Amino acid sequence: MKSYLKFLSRNKLYTAIEAVGLAVSLAFVILIGSYVVQQYEVAHEC
């Protein structure tokens, strides 16, 4: 873990790309999750 943190501190562009990718993927997971919950609630009401 220590060597990975050292690698990230040396490679700023790689770290930025990883952070942006993580944020985008988390946003899609939240979006899909909220859609699934909404569809489940609509189906459960019928």
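**Note on a two-helix chain and its aromatic cluster**

1. Being three residues apart in helix H1, Tyr 4 and Phe 7 are separated by about one helical turn. This spacing is a useful place to begin reading the structure, which is a predicted model.

2. As for the chain as a whole, its secondary structure comes to two helices and zero strands. Along the principal axes, the C-alpha atoms fill a box of roughly 55 × 20 × 5 Å. Of the 46 residues in the chain, buried residues make up 2%, and the chain exposes about 4400 Å², with carbon and sulfur atoms supplying 72% of that area.

3. The two helices are H1, covering residues 2-10, and H2, covering residues 12-45, and they pack at an angle of about 105° with their axes 5 Å apart. Since angles of 65 to 115 degrees count as roughly perpendicular, H1 and H2 are therefore roughly perpendicular to each other.

4. Which residues meet where H1 packs against H2? On the H1 side they are Phe 7, Leu 8, Ser 9 and Arg 10, and on the H2 side they are Lys 12, Tyr 14 and Thr 15. By type, the residues of this contact between H1 and H2 divide into three nonpolar, two polar and two charged.

5. A search of the whole structure for aromatic pairs finds two of them. One is formed by Tyr 4 and Phe 7, whose rings are stacked, with 6.4 Å from centre to centre and 25° between the planes. Both partners lie in helix H1, and each is partly exposed, because Tyr 4 has 38% relative accessibility and Phe 7 likewise has 38%.

6. Phe 7 also forms an aromatic pair with Tyr 14, and here the arrangement is edge-to-face, with 5.4 Å from centre to centre and 65° between the planes. Is Tyr 14 buried, exposed or partly exposed? At 36% relative accessibility, Tyr 14 counts as partly exposed, because that class lies between the limits of 20% for buried and 50% for exposed.

7. Taken together, Tyr 4, Phe 7 and Tyr 14 form one aromatic cluster. Phe 7 takes part in the stacked pair with Tyr 4 and in the edge-to-face pair with Tyr 14. Phe 7 and Tyr 14 are also among the residues that meet where H1 contacts H2, so a reader tracing that contact will come upon part of the cluster as well.

Methods
Residues are numbered from 1 along each chain as its sequence is written. This is a predicted model: local features need pLDDT of at least 70, side-chain atom pairs count only at pLDDT 80 or more; totals for chains, interfaces and linings use all residues. Side-chain values use heavy atoms; hydrogens and water are left out. Axes are lines fitted to C-alpha atoms, for helices over the stretch in contact, and angles run from 0 to 180 degrees between N-to-C directions. Helices (H or I, at least four residues) and strands (E, at least two) are DSSP runs, numbered from the N terminus. Angles under 35 degrees count as roughly parallel, over 145 as roughly antiparallel, 65 to 115 as roughly perpendicular and the rest as oblique. Contact means heavy atoms within 4.5 Å. Ala, Val, Leu, Ile, Met, Phe, Trp, Tyr, Cys and Pro count as nonpolar, Asp, Glu, Lys and Arg as charged, and the others, Gly among them, as polar. Rings of Phe, Tyr and Trp (its six-membered ring) pair if their centres lie within 6.5 Å; planes under 30 degrees apart count as stacked, over 60 as edge-to-face and the rest as tilted. Buried means under 20% relative accessible area, exposed over 50%, partly exposed in between (1.4 Å probe, protein chains only). Accessible areas come from the Shrake-Rupley method with a 1.4 Å probe; for residues, only the protein chains shown count as cover.
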